[in-house]
Amino acid sequence: DEPYQTIRTEKQILTTAWISDHSLATGGEDKCVTVWDTRSGKASAKLPPHVSRVRGVAVEPRTGHVISASSEGDIHLHE
């Protein structure tokens, strides 16, 4: 089967999390969390960067806030 949507990035993706039906958060080698519109395959937001690669991304289900963690041990909370 063909994928529903393919999103291409310049750097390696290490983690993903669904935000909503049409929104996905990714993090990885570029040290940023990027929010993607899954319908268009385009980035809709880029959150402030970490000092090192993003190793984990999670979404608080009630508020939609994004939580990201880096290799350096920093955790960012994004509204």
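**Figure 1. Strand β4, a strand that lies largely in the open.** In this predicted model, β4 has five residues and the number buried among them is zero, so the strand lies largely in the open. Take a moment with its surroundings before moving on. β4 spans residues 42-46 and is an edge strand, pairing on one side only. The partner on that side is β3, residues 33-37, and the two strands run in the antiparallel sense over four bridges.

**Figure 2. The β3-β4 hairpin and its turn.** Which residues face each other across this pairing? Thr34 stands opposite Lys46 of β4, and Val35 has Ala45 of β4 as its bridge partner. Between β3 and β4 there are four residues, and together the two strands make a hairpin. Look for Gly41 in the turn, where phi is positive at about 75°.

**Figure 3. The four-stranded open sheet.** Stepping back from the hairpin, you can follow the strand order β1-β2-β3-β4, with antiparallel pairing. At the edges are β1 (13-20) and β4 (42-46), each of which pairs on one side only. If you like to check geometry, neighbouring strands here are turned by 30° against each other on average, direction ignored.

**Figure 4. Thr26 and its contact with Trp36.** Thr26 belongs to strand β2. Is Thr26 buried or exposed? With a relative accessible area of 6%, Thr26 is buried, because the cut-off for that class is under 20%. The side chain of Thr26 also makes a polar contact with the side chain of Trp36, at 2.8 Å.

**Figure 5. Lys31 in the loop between β2 and β3.** This view is one for anyone who enjoys a backbone torsion. Lys31 is not a glycine, yet its phi is positive, at about 70°. The residue sits in the loop that runs between β2 and β3. A relative accessible area of 37% makes Lys31 partly exposed, since that class lies between the 20% and 50% cut-offs.

**Figure 6. The largest pocket and its lining.** Rolling a probe the size of a water molecule over the atoms shows where empty space is left. The largest pocket found in this model has a volume of about 150 Å³. Which residues come closest to its centre? Of the 14 residues in the lining, they are Thr9, Glu10, Lys11, Asp30 and Lys46. Lys46 is a residue you have already met, opposite Thr34 in the β3-β4 pairing. Strands β2 (23-28) and β3 each supply at least two lining residues, and β2 gives the most, with three. By residue class, the lining divides into three nonpolar, six polar and five charged.

**Figure 7. The three-stranded open sheet.** A second sheet has the order β5-β6-β7, and here too the pairing is antiparallel. Why is one side of β5 and of β7 left without a neighbour in the sheet? β5 (54-59) and β7 (75-78) stand at the edges with a single partner strand each, so one side of each has no neighbour there. From one strand to the next, the twist averages 15°.

**Figure 8. The β6-β7 hairpin.** Strand β6, residues 66-70, runs antiparallel to β7 and is joined to it by four bridges. Two pairs of residues are worth picking out. Val66 has His78 of β7 as its bridge partner, and Ser68 stands opposite His76 of β7. The hairpin has four residues between its strands, and Gly73 in the turn has a positive phi of about 95°.

**Figure 9. Two pairs of residues set apart in sequence.** Start with Ala58, which is found in strand β5. Its C-alpha atom is separated by 5.7 Å from that of Ala17, although the two residues are 41 residues apart along the chain. Ala58 counts as partly exposed, at 37% relative accessibility. Now turn to Ser52, in the loop between β4 and β5. Ser52 is buried, with a relative accessible area of 11%. From C-alpha to C-alpha, Ser52 and Gly28 are 8.9 Å apart in space, and 24 residues apart in sequence.

Note on methods: Residues numbered from 1 in each chain as written. Predicted model: local features only at pLDDT ≥ 70, side-chain atom pairs only at ≥ 80, totals over all residues. Heavy atoms only, no water. Pairing = 2+ DSSP bridges. Axes fitted to C-alpha atoms, helices over the stretch in contact; angles between N-to-C directions. 1 Å grid on protein atoms, 1.4 Å probe; cavity = no way out; pocket = protein on both sides within 12 Å on 5 of 7 lines; lining within 4 Å. Points joined across faces, edges and corners; volume = space filled by probe spheres on them. Nonpolar A, V, L, I, M, F, W, Y, C, P; charged D, E, K, R; others polar. Buried < 20%, exposed > 50% of the residue type's maximum accessible area, 1.4 Å probe, protein only. Polar contact = N/O pair within 3.5 Å; in protein donor to acceptor, adjacent residues only side chain to side chain.
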